[in-house]
Amino acid sequence: MMEYIFETEHLRVRKFKMEDAGCLYKNHLEEEVKKWIPNESYADMEETWEAIQFYMDCVDNRHLPYVLAVELKETGELIGDTGVNKVEGNANEVEIGYGICKRHSGKGYATELLKAMTEFITGTFEINILYGRVIHGNIASVKVLEKNGYQFVKEEFGAEDDPYGNGMLIYKKEC
């Protein structure tokens, strides 16, 4: 029996399991993921298994980074992931991330997921400030953040997760 951490209208969110490795690896090889979240692709299956083990340990021990698997309710298929990680030096602030594989994008799932994950994280970890960081040009992700009440605060240059040097757009939500 799979334990779900939370559900939305179309999605179920749960802890990763080792059987997710093939699908997670494949999802993170997609061109859109490599383009917009370049540091999130896995080198090989071994690295994917290590990442899943790490994510599972973090969830079991209730500490950050807190990364979860996202499946489509209708089919049980792993279609994405979401997570938060701490912002250096600020115990009550996190950076939130999310991704839905290409064949399921454009259906509102990322917006639905971000809303639920924001509520879950603020309630579970007593976090009240969340940030979303988006590579300049990722209009779809900007729309997801804005629909969920995240507000643009600044542009950041020179970040290690900005391989193109075009800048990162920083969004913030206070709960």
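These exercises work through salt bridges, backbone features and strand pairing in a predicted model.

**Exercise 1. Salt bridges**

Find how many salt bridges the model holds, and test the pair Glu 7 and Arg 12 against the cut-off.

Step 1. Recall the principle. Side chains of opposite charge can pair when their charged atoms come close.

Step 2. Set the cut-off. A side-chain nitrogen of Lys or Arg must lie within 4 Å of a carboxyl oxygen of Asp or Glu.

Step 3. Check the pair. For Glu 7 and Arg 12, the N to O distance is 3.6 Å. The two side chains therefore meet the rule of within 4 Å.

Step 4. Give the total. The count comes to 10 salt bridges.

Step 5. Look for a wider link. Glu 7 and Arg 12 belong to a network of salt bridges with Lys 73.

Step 6. Add exposure. Glu 7 has a relative accessible area of 43%, so this residue is partly exposed. Arg 12 is also partly exposed, at 23%.

**Exercise 2. A bridge from loop to helix**

Determine which parts of the chain the pair Lys 15 and Asp 60 ties together.

Step 1. Take the distance. The closest N and O atoms of Lys 15 and Asp 60 are 2.6 Å apart, and the pair forms a salt bridge.

Step 2. Place both residues. Lys 15 sits in the loop between strand 2 (11–14) and helix 1 (21–27). Asp 60 belongs to helix 3 (residues 45–60).

Step 3. Conclude. The pair ties together parts that are 45 residues apart in sequence, because one partner is in that loop and the other in helix 3.

Step 4. Check exposure. Lys 15 is partly exposed, with a relative accessible area of 26%. Asp 60 is partly exposed too, at 49%.

**Exercise 3. A bridge between two loops**

Locate Glu 77 and Arg 103, and state how far apart they are in sequence.

Step 1. Start with the contact. The side chains of Glu 77 and Arg 103 meet in a salt bridge, at 2.3 Å from N to O.

Step 2. Locate them. Glu 77 is in the loop between strand 3 (66–72) and strand 4 (78–87). Arg 103 is in the loop between strand 5 (90–100) and helix 4 (109–125).

Step 3. Read off the separation. The two are 26 residues apart, and the pair links distant parts of the chain.

Step 4. Check exposure. Glu 77 is partly exposed at 23%. Arg 103 is partly exposed at 43%.

**Exercise 4. Backbone exceptions**

Explain why Arg 62, Glu 126 and the bond between Leu 64 and Pro 65 deserve a look.

Step 1. Recall the usual pattern. Most residues other than glycine have a negative phi, and most peptide bonds are trans.

Step 2. Inspect the loop between helix 3 and strand 3. Arg 62 lies there, and its phi is positive, about 50°. Pro 65 lies in this loop as well. A cis peptide bond joins Leu 64 and Pro 65, with omega about 0°.

Step 3. Turn to Glu 126. Its phi is positive, about 55°. Glu 126 lies in the loop between helix 4 and strand 6 (129–135).

Step 4. Classify exposure. The cut-off for exposed is over 50%. Glu 126 has 69%, so this residue is exposed. Arg 62 has 48% and counts as partly exposed.

**Exercise 5. Strand partners**

Identify which strands pair with strand 8 (residues 168–174), and in which sense.

Step 1. Take strand 6. Strand 6 and strand 8 pair in the antiparallel sense over 7 bridges. One of the partner pairs is Ile 129 with Glu 174.

Step 2. Take strand 7 (residues 151–156). Strand 7 pairs with strand 8 over 5 bridges, again antiparallel. Here Gln 151 stands opposite Lys 172.

Technical notes
Residues are numbered from 1 along each chain as its sequence is written. This is a predicted model: local features need pLDDT of at least 70, side-chain atom pairs count only at pLDDT 80 or more; totals for chains, interfaces and linings use all residues. Side-chain values use heavy atoms; hydrogens and water are left out. Buried means under 20% relative accessible area, exposed over 50%, partly exposed in between (1.4 Å probe, protein chains only). Helices (H or I, at least four residues) and strands (E, at least two) are DSSP runs, numbered from the N terminus. Two strands pair if DSSP finds at least two bridges between them.
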